[in-house]
Every structure is written in structure tokens, then in C-alpha cells.
Amino acid sequence: MNKILFLILLMFSSKVMHAQIQSKSFDSLLHIMVTKAVPTVGCEDLKKMKNVVLLDTRERREYEVSHLKNAQWVGFEKFDLKNVATIPKDANIVVYCSIGVRSGKIGEKLMQAGFTNVHNFYGSIFEWVNQGNPVYDMAGKQTNKIHGYNWKWGIWCNKCEKVYE
């Protein structure tokens with residue numbers, strides 16, 4: 001009986017924690033794919049956060065198409081802790097990518113390196129745009145373009161003009 005109650009509570013808390021994702025199928029995918037090792041934040045959480053260091057963990061070509069305002073590019077394949085050496089270990093850091101998988105892995109590396117306040121943006125830039133929030137190009141101008149990563153993942157971003165290079 002206690003196990004059943006525990007499972008029900010676990011399922012309920014899981015759904016509540018990620019209630020900010022608009023698509024149930026996208027949320028189901030994220031629930032399976034995104035690491036649980038890094039605390040997550042959603043769009044509304046991010047909007048309320050103060051003094052946030054945004055780290056874009058996508059590849060450079062993805063970042064150049066568009067990114068969140070004031071985001072610092074750190075990459076994924078060639079991520080190097082030297083690129084975040086000037087960030088205080090207790091800074092309020094939010095990592096993001098296309099949906100939250102790559103950023104979760106970088107978030108784990110940051111936590112292992114001693115950063116104490118790291119969050120993974122659940123749904124990442126795709127969900128940010130899906131909820132009508134702005135992204136910016138390299139000139140700092142608002143754009144509707146998003147790098148879709150590839151055609152399989154790009155289906156999850158539906159309120160944008162997808163670029164695949």
C-alpha cells in the first residue's frame with residue numbers, strides 16, 4: 001500500500017514539475033531523455049530568475065542562427081571548462097540547448113566541477129519559442145529562425161522558421 005501511494009505521489013510530482021511544457025507528447029519525450037541529475041527550470045521559472053548566467057550548449061552554427069538574449073555560447077562537442085572559468089562557482093546558471101538533453105550533460109559537468117547553482121532548461125530553446133518568447137540573431141535582432149538540429153528533433157519546434165544549414 002505504501003509503495004502504491006509513493007508511486008502515485010511520484011507520478012503527480014513529475015507532472016506538476018514539468019507542467020510548463022505545452023505539448024504532452026513533447027513533455028513525455030523530455031521526461032525520458034532529460035537527465036534527472038541536474039535541477040530543471042521551465043519558461044516561466046526562467047523569466048522570474050534574476051542575475052542568470054545563460055549558457056548555450058548547442059553547436060556554434062546553431063547559436064549563430066538564434067539564441068536567448070545575453071546567452072554565452074559554450075558548445076557541446078568541444079565544451080571546455082576554461083570557457084566558464086570567469087563565472088563564480090555560486091552563480092545562478094541556466095544551461096540550454098534545443099530540448100534539454102545536451103545541456104543536461106553540460107550541467108552535470110558544471111556540477112562536477114564545483115558549480116553549485118546549475119539548472120537545466122527543460123524543453124530549452126524549442127519550448128521557449130513554442131511559448132512565444134523571443135530569440136535573437138548574432139546582430140542582436142529578434143528573429144523567428146531556430147536551428148532545428150535535424151529533421152527528427154526539429155518537429156518539436158512548431159512556432160518558428162527552422163534552419164538546417
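Let me begin with residues 3-17, where pLDDT stays under 50 and the model has three contacts beyond four places in sequence. This is a predicted model, and where pLDDT is low, the predicted coordinates should not be read in detail. For the protein as a whole, the mean pLDDT is 90, and 88% of the residues reach 70 or more.

Now the overall inventory. The protein contains seven helices and nine strands. Of its 165 residues, 45% are buried. If we take contacts between residues at least 6 apart in sequence, 65% of them join residues at least 24 apart.

I turn next to the sheet. Five strands make up an open sheet, and their order is S1-S5-S4-S2-S3, with parallel pairing. Strand S1, residues 40-41, and strand S3 are the edge strands, each pairing on one side only. As a general reminder, strands of a sheet pair through backbone hydrogen bonds, either parallel or antiparallel.

Please look at strand S4, residues 92-96. How many of its five residues are buried? The count is five of the five, so S4 is largely enclosed by the rest of the structure. Asn-92, Val-94 and Tyr-96 point one way from S4, while Ile-93 and Val-95 point the other way; the residues of both groups are buried.

Strand S4 has partners on either hand, and I take them in turn. Strand S2, residues 52-56, is joined to S4 by five bridges, and the two run parallel. Within that pairing, Leu-54 has Val-94 as its bridge partner, and Val-53 stands opposite Ile-93. Strand S5, residues 118-121, is joined to S4 by three bridges, again in parallel. Here Val-94 stands opposite His-119. To get from S4 to S5, the chain passes through helix H5, residues 101-112, and this β-α-β crossover is right-handed.

Two residues on the other part of the sheet merit a closer look. Asp-56 belongs to strand S2. Is Asp-56 buried or exposed? Its relative accessible area is 0%, so Asp-56 counts as buried. Leaving aside neighbours within four places in sequence, Asp-56 is in contact with eight residues that I will read out: Tyr-63, His-67, Ala-71, Gln-72, Trp-73, Val-74, Gly-75 and Tyr-96.

One of those contacts, Gln-72, lies in strand S3, residues 72-73. Gln-72 has 30% relative accessibility and therefore counts as partly exposed. With neighbours within four places again left aside, Gln-72 is in contact with Leu-54, Leu-55, Asp-56, Asn-83 and Ile-87. The C-alpha atoms of Gln-72 and Thr-57 are separated by 8.8 Å, the two residues being 15 apart along the chain.

Helix H2, residues 24-33, comes next. Phe-26, Asp-27 and Leu-30 are buried in this helix. Why do they count as being on the same side of H2? Because they cover an arc of only 100 degrees around the axis. Lys-24 and Ile-32, on the other side of H2, are exposed.

That brings me to the nonpolar cores. The largest has 26 residues, and those touching the most other members are Leu-68, Phe-121, Ile-125, Phe-126 and Ile-146. The elements giving two or more residues to this core are H2, helix H3 at 43-48, S4 and helix H6 at 124-130. The largest share, four residues, comes from H6. For Ile-146, leaving aside neighbours within four places in sequence, the contacts include Val-65, Ile-125, Phe-126, Val-129, Val-135, Cys-157, Cys-160 and Val-163. Ser-66, Glu-161 and Lys-162 are also among the contacts of Ile-146. There is, in addition, a second, separate core of 14 residues, which includes Val-38, Ile-106, Leu-110 and Val-118.

I close with two backbone angles. Most residues other than glycine have a negative phi. Which values do we find at Tyr-149 and Glu-165? Phi of Tyr-149 is positive, near 65 degrees. Tyr-149 sits in the loop between strand S8, residues 145-147, and helix H7, residues 151-154, and is partly exposed, with a relative accessible area of 35%. Glu-165 likewise has a positive phi, of about 80 degrees, although it is not a glycine. Glu-165 is found in the segment after strand S9, residues 161-163, and its relative accessible area of 68% makes it exposed.

Notes
Residues are numbered from 1 along each chain as its sequence is written. This is a predicted model: local features need pLDDT of at least 70, side-chain atom pairs count only at pLDDT 80 or more; totals for chains, interfaces and linings use all residues. Side-chain values use heavy atoms; hydrogens and water are left out. Buried means under 20% relative accessible area, exposed over 50%, partly exposed in between (1.4 Å probe, protein chains only). Two strands pair if DSSP finds at least two bridges between them. A crossover is right-handed if, with the strands pointing away from the viewer, the path from the first strand over the helix to the second runs clockwise. The arc is that of the directions from the helix axis to the C-beta atoms. A nonpolar core is a set of buried Ala, Val, Leu, Ile, Met, Phe, Trp, Tyr and Cys residues joined through side-chain atoms within 4.5 Å. Contact means heavy atoms within 4.5 Å. pLDDT is the predictor's confidence in each residue, from 0 to 100.
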